[in-house]
Amino acid sequence: MPIYRLFLTIFLWFWVTAWGILAIVFLGSHFTGMRQVSAPNMYATVAPILAAEAVKAYESGGPEAFARFSQSNDDDSAKQLFLLDGFYKDVLSRRLTNDGLRVAHAAKDGQLVVLRARIAAYKFISPSGHPYILVLYLKPGMREIRDAFLGEGLPYTISLILLVTVLCFALAHHIASPIHSIQSTARRVAQGDLKARVPSTVSRRFDELSSLAKDFDSMVGRLDLLIQTQKKLLNSVSHELRSPLARINLSLALLKKRSSAESDDMFQRLDRDVARIDLLIGQLLTLSRLEAELSSAAREDLDLAQLVEAAAADGNFEAQAVGKSVSLHSPDSVIVGNADPHALRSAFENIIRNAIRFTPPGSNVLIVLEVDQSVPEPIAIVTVQDHGPGVPEDSLLAIFQPFYRVNGDVEGTEGNGLGLAIASEAIRLHRGTISAANLRPTGLEITIRLPIISATAFPGYKLSQIEHSNAI
């Protein structure tokens with residue numbers, strides 16, 4: 001997930017940066033300062049032996065013997081070997097650098113002193129009682145760095161690794177964890193849960209992320225209030241209009257009996273207008289009930305195949321009156337558990353009627369019911385395809401909103417923008433999804449996905465390919 005990639009990115013950046021700083025500080029102090037070195041460091045172990053052999057060669061054979069000894073010991077670890085007497089003069093009369101003399105003066109009896117890991121000095125008292133100082137000009141390399149970290153500094157290295165890792169992990173978690181909480185809450189809000197709030201542990205922080213969490217909760221709370229107010233308004237207005245509408249219908253019926261034949265046209269117009277208002281109010285009540293997740297009937301296990309077949313049959317009857325048709329391809333039985341039959345019937349009727357209204361005369365509305373058992377929970381997939389003009393791509397989501405009308409839609413002006421909104425709420429009530437997509441060259445496809453508990457097919461029916469067809 002992206003949030004974990006962010007966590008790893010923050011953690012690794014802090015971890016690498018901290019180690020880089022520590023390495024620079026540690027190596028800088030190791031290679032730039034003067035320090036005393038003791039066992040088990042390699043130089044501290046070798047220096048007494050090398051000094052004893054150098055002094056022995058000098059005292060037994062003079063400067064020539066020491067020169068030969070110096071050349072024989074000029075290996076990869078030392079560029080040059082000096083032997084100083086008690087007056088800090090090289091026995092071969094060579095000139096030392098100022099740093100070399102400084103290290104030589106700093107050396108004490110039996111001590112090895114190193115400056116910047118490049119110059120080492122060891123003070124040695126020979127068996128004859130004369131003091132000598134062995135000075136080595138070293139070649140710094142990876143071995144010195146390795147010894148600094150893995151030699152006597154190994155316990156400090158391990159401690160630093162643990163400390164830096166723990167601190168970087170805590171810091172990365174401190175930054176990424178509230179972002180993850182806000183992201184999770186945003187997902188819940190996007191799925192329709194307007195009661196979701198960012199955990200209080202994030203809001204109690206004293207930083208910008210705490211302010212972001214509070215602003216996010218405030219925004220969601222405001223949205224929830226506005227939507228609830230809208231729903232209550234629609235529900236209240238619908239209920240308040242139902243009673244006077246019933247009285248208007250009764251008054252119209254009484255007036256028809258007393259009116260003359262010349263008034264029939266006017267009363268027919270009034271009947272149509274009142275019927276439209278009655279339909280609109282009924283749809284508003286249905287939408288309000290579905291949004292409040294109130295079932296209009298007892299929940300039961302429902303055969304979705306039979307329900308879709310009945311809705312398709314009614315749709316085909318209406319379509320034939322205007323020169324259109326509806327056909328259905330479905331398996332034998334698809335059972336939806338704990339379903340509201342009225343809500344689902346209303347959903348499919350609205351979708352099918354919408355397709356019939358937009359498909360041109362002489363064309364067919366195709367309904368296909370399939371089952372996808374490749375997922376852990378079987379899914380019923382219902383597609384409704386028409387041959388109409390489709391909708392603009394940027395309206396494919398908006399058409400499921402209440403009262404949404406596509407701009408410039410002439411044929412759809414008879415609708416009121418509630419049919420697909422009712423279908424969307426009914427499908428959501430059953431833990432399903434609904435989506436729309438344009439077909440090529442023309443047409444619109446509505447796809448409904450519903451979780452089911454079982455499905456059976458006629459002989460020869462395959463889940464991947466529909467072979468059985470119920471022509472309605």
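## An internal cavity and the charged pairs of a predicted model

A search of the whole structure finds 1 cavity of 30 Å³ or more. The structure is a predicted model. The volume of the largest cavity is about 40 Å³. Its lining consists of A311, D314, G315, E318, E349, I352 and R353. Two elements, α9 (304-320) and α10 (341-358), each give two or more residues to this lining, and α9 gives the most, with 4 residues. Sorted by class, the lining holds 2 nonpolar, 1 polar and 4 charged residues.

Charged residues are also the subject of the next part. Side chains of opposite charge can pair when their charged atoms come close. In this model the count comes to 10 salt bridges. Salt bridges that share partners join D314, E318, R345, E349 and R353 into one network. Of these residues, D314, E318, E349 and R353 also belong to the lining of the largest cavity.

Three other pairs are set out below.

| Salt bridge | Closest N to O distance |
|---|---|
| R102 and D99 | 3.5 Å |
| K195 and D224 | 2.8 Å |
| R440 and E393 | 3.8 Å |

The pairs may be taken in turn. R102 and D99 both lie in helix α3 (residues 98-106), where they are 3 residues apart, about one turn of the helix. R102 is partly exposed, with a relative accessible area of 42%, and D99 is likewise counted as partly exposed, at 24% relative accessibility.

The salt bridge of K195 with D224 links distant parts of the chain: K195 is in the loop between α5 (154-190) and α6 (200-203), while D224 is in helix α7 (residues 208-258), 29 residues apart. K195 is exposed because its relative accessible area, 59%, is over 50%. D224 counts as buried because its relative accessibility, 7%, is under 20%.

In the salt bridge between R440 and E393, R440 lies in the loop between β11 (433-438) and β12 (444-451) and E393 in the loop between β10 (379-385) and α11 (419-429), so the pair ties together parts that are 47 residues apart in sequence. Both R440 and E393 are exposed.

One further charged residue deserves a description. D303 lies in strand β6 (residues 300-303). D303 is buried yet has no salt bridge. The nearest side chain of opposite charge, that of R345, is 12 Å away from D303. The side chain of D303 does, however, make a polar contact with the side chain of S333, at 3.3 Å.

Definitions and conventions:
Residues are numbered from 1 along each chain as its sequence is written. This is a predicted model: local features need pLDDT of at least 70, side-chain atom pairs count only at pLDDT 80 or more; totals for chains, interfaces and linings use all residues. Side-chain values use heavy atoms; hydrogens and water are left out. On a 1 Å grid over the protein atoms alone, a cavity is a set of points where a 1.4 Å probe fits but cannot get out, and a pocket is an open set with protein on both sides within 12 Å along at least five of seven lines; lining residues have an atom within 4 Å of a point. Grid points are joined across faces, edges and corners, and a volume is the space filled by probe spheres set on the points. Ala, Val, Leu, Ile, Met, Phe, Trp, Tyr, Cys and Pro count as nonpolar, Asp, Glu, Lys and Arg as charged, and the others, Gly among them, as polar. Buried means under 20% relative accessible area, exposed over 50%, partly exposed in between (1.4 Å probe, protein chains only). Lys and Arg count as positive and Asp and Glu as negative; His and the chain ends are not counted. A salt bridge is a side-chain nitrogen of Lys or Arg within 4 Å of a carboxyl oxygen of Asp or Glu. A polar contact is a pair of N or O atoms within 3.5 Å; within protein, one must be able to donate a hydrogen and the other to accept it, and residues adjacent in sequence count only if both atoms are side-chain atoms.
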